[in-house]
Amino acid sequence: MTNAGAPLSGNQKRKMKSAARLYAVQALYQMEQTGQTTDQIVVEFLDHRFGAVYEDVEMQEGDSTLFRKLVHDAVNNQALIDQMTDRALVAKWPIARIDPTLRGLFRAAGAELTQGDTPPKVVIVEFVDIARAFFPEGREANFVNAVLDHMAREAKPEAF
């Protein structure tokens with residue numbers, strides 16, 4: 001865990017934001033699988049996942065503000081985000097047919113693209129890295145990159 005009294009370095013802040021994005025994908029996946037509410041899942045992650053220790057490995061602390069925003073924005077804007085994702089996917093592969101982990105990833109990334117002020121290229125890189133973490137042997141990272149690029153160009157065309 002971080003020292004509560006010490007100011008965070010820029011690198012620590014970036015790591016915490018990256019962790020918040022990863023936790024948001026996990027939370028959205030878990031919500032879909034269990035039917036937990038947004039409030040239940042946020043409390044669970046903040047109380048039991050951020051900085052937790054599993055088998056002597058300490059999990060990264062996450063940026064709780066970004067985590068809350070991504071989860072709430074993904075849920076509150078799910079229809080908009082899913083429609084944007086569908087437009088980025090091949091017609092035969094609507095979002096309902098996509099792996100649930102990728103669905104959570106697209107929803108979290110879509111929330112940040114449509115509701116946040118992070119530059120789209122940063123959002124794409126961050127979520128492609130998350131895809132690599134979940135699917136280290138597959139081609140999912142390339143797929144995520146292509147879909148998020150399409151979504152980002154739709155959400156924030158002025159950034160390109």
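**Reading a fold, one feature at a time**

Author: Let's start with one residue: Thr38 is buried, with a relative accessible area of 14%. The model here is predicted.

Reader: Which cut-off makes a residue count as buried?

Author: Buried means under 20% relative accessible area, exposed means over 50%, and partly exposed is in between. With its 14%, Thr38 is therefore buried.

Reader: Where is Thr38, and with which residues is it in contact?

Author: Look in helix 2, which covers residues 38–48. Setting aside neighbours within four places in sequence, Thr38 is in contact with Met31, Val71, His72 and Val75.

Reader: Is Asn76 buried or exposed?

Author: Asn76 is exposed, because its relative accessible area is 60% and the cut-off for exposed is over 50%. You can find Asn76 in helix 3. Try a distance as well: between Asn76 and Gln12 there are 29 Å in space, C-alpha to C-alpha, and the two are 64 residues apart in sequence.

Reader: And what about Pro94, with its relative accessible area of 32%?

Author: That value falls in between the two cut-offs, so Pro94 is partly exposed. Pro94 sits in the loop between helix 4 (78–88) and helix 5. Beyond its neighbours within four places in sequence, Pro94 is in contact with Asp86 and Leu89. Pro94 and Gln83 are eleven residues apart in sequence, and their C-alpha atoms are 9.2 Å apart in space.

Reader: Let's zoom out. How many helices and strands are in the chain?

Author: The chain has seven helices and two strands. Read from the N terminus on, the order is α-α-β-β-α-α-α-α-α. The radius of gyration is 15 Å, close to the 15 Å that the globule rule gives for 160 residues, so the chain is as compact as a globular protein of that length.

Reader: What does the C-alpha trace span along its principal axes?

Author: About 50 × 35 × 35 Å. Of the 160 residues, 41% count as buried. The accessible surface of the chain comes to about 8,800 Å², and 51% of it belongs to carbon and sulfur atoms.

Reader: How do I read contacts between residues far apart in sequence?

Author: Take the contacts between residues at least 6 apart in sequence, then ask what share join residues at least 24 apart. In this chain that share is 68%.

Reader: How do I read the way two helices pack?

Author: Look at the angle between their axes: 65 to 115 degrees counts as roughly perpendicular. Helix 3 (residues 64–76) and helix 5 (residues 100–115) pack at about 100°, with their axes 8 Å apart. That makes helix 3 roughly perpendicular to helix 5.

Reader: Which residues of helix 3 and helix 5 meet?

Author: From helix 3, Leu66, Lys69, Leu70, Asp73 and Ala74 meet Arg107, Ala108, Ala111, Glu112 and Gln115 of helix 5. By class, this contact has five nonpolar, one polar and four charged residues.

Reader: At what angle do helix 4 and helix 5 cross?

Author: Their axes cross at roughly 105° and come within 9 Å. Helix 4 is therefore roughly perpendicular to helix 5. The residues of helix 4 that meet helix 5 include Leu80, Ile81 and Met84, and among their partners in helix 5 are Phe106, Gly110 and Thr114. This contact divides into five nonpolar, five polar and two charged residues.

Reader: Which residues of helix 5 should I find in both lists?

Author: Look for Arg107, Ala111 and Gln115: they appear in the contact with helix 3 and in the contact with helix 4.

Methods
Residues are numbered from 1 along each chain as its sequence is written. This is a predicted model: local features need pLDDT of at least 70, side-chain atom pairs count only at pLDDT 80 or more; totals for chains, interfaces and linings use all residues. Side-chain values use heavy atoms; hydrogens and water are left out. Axes are lines fitted to C-alpha atoms, for helices over the stretch in contact, and angles run from 0 to 180 degrees between N-to-C directions. Helices (H or I, at least four residues) and strands (E, at least two) are DSSP runs, numbered from the N terminus. Angles under 35 degrees count as roughly parallel, over 145 as roughly antiparallel, 65 to 115 as roughly perpendicular and the rest as oblique. Contact means heavy atoms within 4.5 Å. Ala, Val, Leu, Ile, Met, Phe, Trp, Tyr, Cys and Pro count as nonpolar, Asp, Glu, Lys and Arg as charged, and the others, Gly among them, as polar. The radius of gyration is taken over C-alpha atoms; the globule rule is 2.2 Å times the number of residues to the power 0.38. Buried means under 20% relative accessible area, exposed over 50%, partly exposed in between (1.4 Å probe, protein chains only). Accessible areas come from the Shrake-Rupley method with a 1.4 Å probe; for residues, only the protein chains shown count as cover.
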